[in-house]
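This report describes the fold of one protein chain for a first-year reader. It covers two residues in loops, then the sheet, the helices and the cores.

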Amino acid sequence: DPFEDTLQRLREAFRSGRTRPAEFRAAQLKGLGRFLQDNKQLLQEALAQDLRKSAFQADMSEIILCQKEVDLALRNLHAWMKDQPVAKNLLTQLSSAFIRKEPFGLVLILSPWNYPVNLSLLPLVGALAAGNCVVLKPSEISQSTEKVLAEVLPRYLDQSCFAVMLGGPEEAGQLLKHKFDYILFTGSPRVGKIVMAAAAKHLTPVTLELGGKNPCYVDDNCDAQTVANRVAFFRYFNAGQTCVAPDYILCSPEMQERLVVNQVLAQTSSGNFGGNEGFMYQTLWSMPMGGVGEPCPPPPAAPTPGKPVWVLQTQKSPVLPSFTVTVDLSPGPLTASVSLSAKWLLEWPGFP
């Protein structure tokens, strides 16, 4: 078992009480903050290689959020660790009554590929602040970011209490056979069920942040252009790969006409936001990332299995770019608009 020795070392470190003092927790958080500051450019380059994120978007959607979370935890650490007094009853009048917050122990963090820094380090901040030992398993799909987290991050943390595990689904499945005291997972409902089933065998508590569908309700009193600006921006953000990105619009036929028939969304999508140029295109190179558009040309060479292929695709559509890739890489609707009186669906022409 490639994981047993490391996990045993982490368990022994927790049982020794090493992670409990506030000073130790603060030192780990400060180390994480230094990692973000010292390796900002390295993380930006990794995110550009994995997801074609610009430096600005890498900062706004990943690095700055993590730094803010570290700062928040450091400011509030002592307050969070304080015992919380509770009311006494007749039987406990002569006793001390309070709630004491205890660390769980050995925590496993399973993070996804779409925000590989953000969704790895935000849960890590909470786990470290709570005084736990942590195993981080980043996504193998974001290979450059995974490499930075595995090779650089441990230098800034106490390696007797922190470890990064690498591998794909097979290794993750083997890791889940071990008993953890808490599991944090971000990803699809399908994999979330696997994680929860594995945790249930050990009665391990879990936090699951799972993807889903996000309707956007538009009231008739809204300004159509303002709606188009906001919805298109958040649909485009991170190439649409955000768990709370709007998937379809719920509106009245009148608002539907203002948004679609009058081509407010079309002008916003293909004009103000510059189409889909430079967006991520992951292995499924025959499908564009977006709504109705020009056919996507094949790549110059056959794609390497499991390796991302990047294709420029121009958006020419009266609908929102809302293409998402499910875990099994099967396609879904490219966009959907649902009227309160009639439901209609626009799909890629000739889509199999």
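## Loops, sheet and cores

Arg-52 is found in the loop between H3 and H4; helices (H or I, at least four residues) and strands (E, at least two) are DSSP runs, numbered from the N terminus. This is a predicted model, in which local features need pLDDT of at least 70 and side-chain atom pairs count only at pLDDT 80 or more, while totals for chains, interfaces and linings use all residues. Residues are numbered from 1 along each chain as its sequence is written, and side-chain values use heavy atoms, with hydrogens and water left out.

Leu-203 lies in the loop between helix H8 (189-200) and S7. The table lists phi and relative accessible area for both residues; buried means under 20% relative accessible area, exposed over 50%, and partly exposed in between (1.4 Å probe, protein chains only).

| Residue | Phi | Relative accessible area |
|---|---|---|
| Arg-52 | near 60° | 42%, partly exposed |
| Leu-203 | about 55° | 77%, exposed |

Five strands form an open sheet in the order S5-S4-S3-S6-S7, with parallel pairing; two strands pair if DSSP finds at least two bridges between them. S5 and strand S7 (206-210) are the edge strands, each pairing on one side only. S3 and S4 run parallel and are joined by five bridges. One of the residues involved is Val-107, whose bridge partner in S4 is Val-134.

H5 lies across S3, S4, S5, strand S6 (182-187) and S7, running at about 165° to S3. The axes of helix H4 (residues 55-81) and helix H5 (residues 118-129) come within 9 Å and cross at roughly 10°. Axes are lines fitted to C-alpha atoms, for helices over the stretch in contact, and angles run from 0 to 180 degrees between N-to-C directions. H4 and H5 are therefore roughly parallel to each other, a term for angles under 35 degrees. Among the residues that meet (contact means heavy atoms within 4.5 Å) are Leu-65 and Val-70 in H4, and Leu-121 and Val-125 in H5.

The largest nonpolar core has 36 residues, and those with the most contacts inside it include Leu-32, Phe-35 and Leu-121. A nonpolar core is a set of buried Ala, Val, Leu, Ile, Met, Phe, Trp, Tyr and Cys residues joined through side-chain atoms within 4.5 Å. A second, separate core of 22 residues includes Leu-7, Leu-10, Leu-110 and Ile-183. Leu-32 touches residues including Val-70, Leu-121 and Leu-153.

Notes: Parallel < 35°, antiparallel > 145°, perpendicular 65-115°, else oblique. Lists of a residue's contacts leave out its neighbours within four places in sequence.
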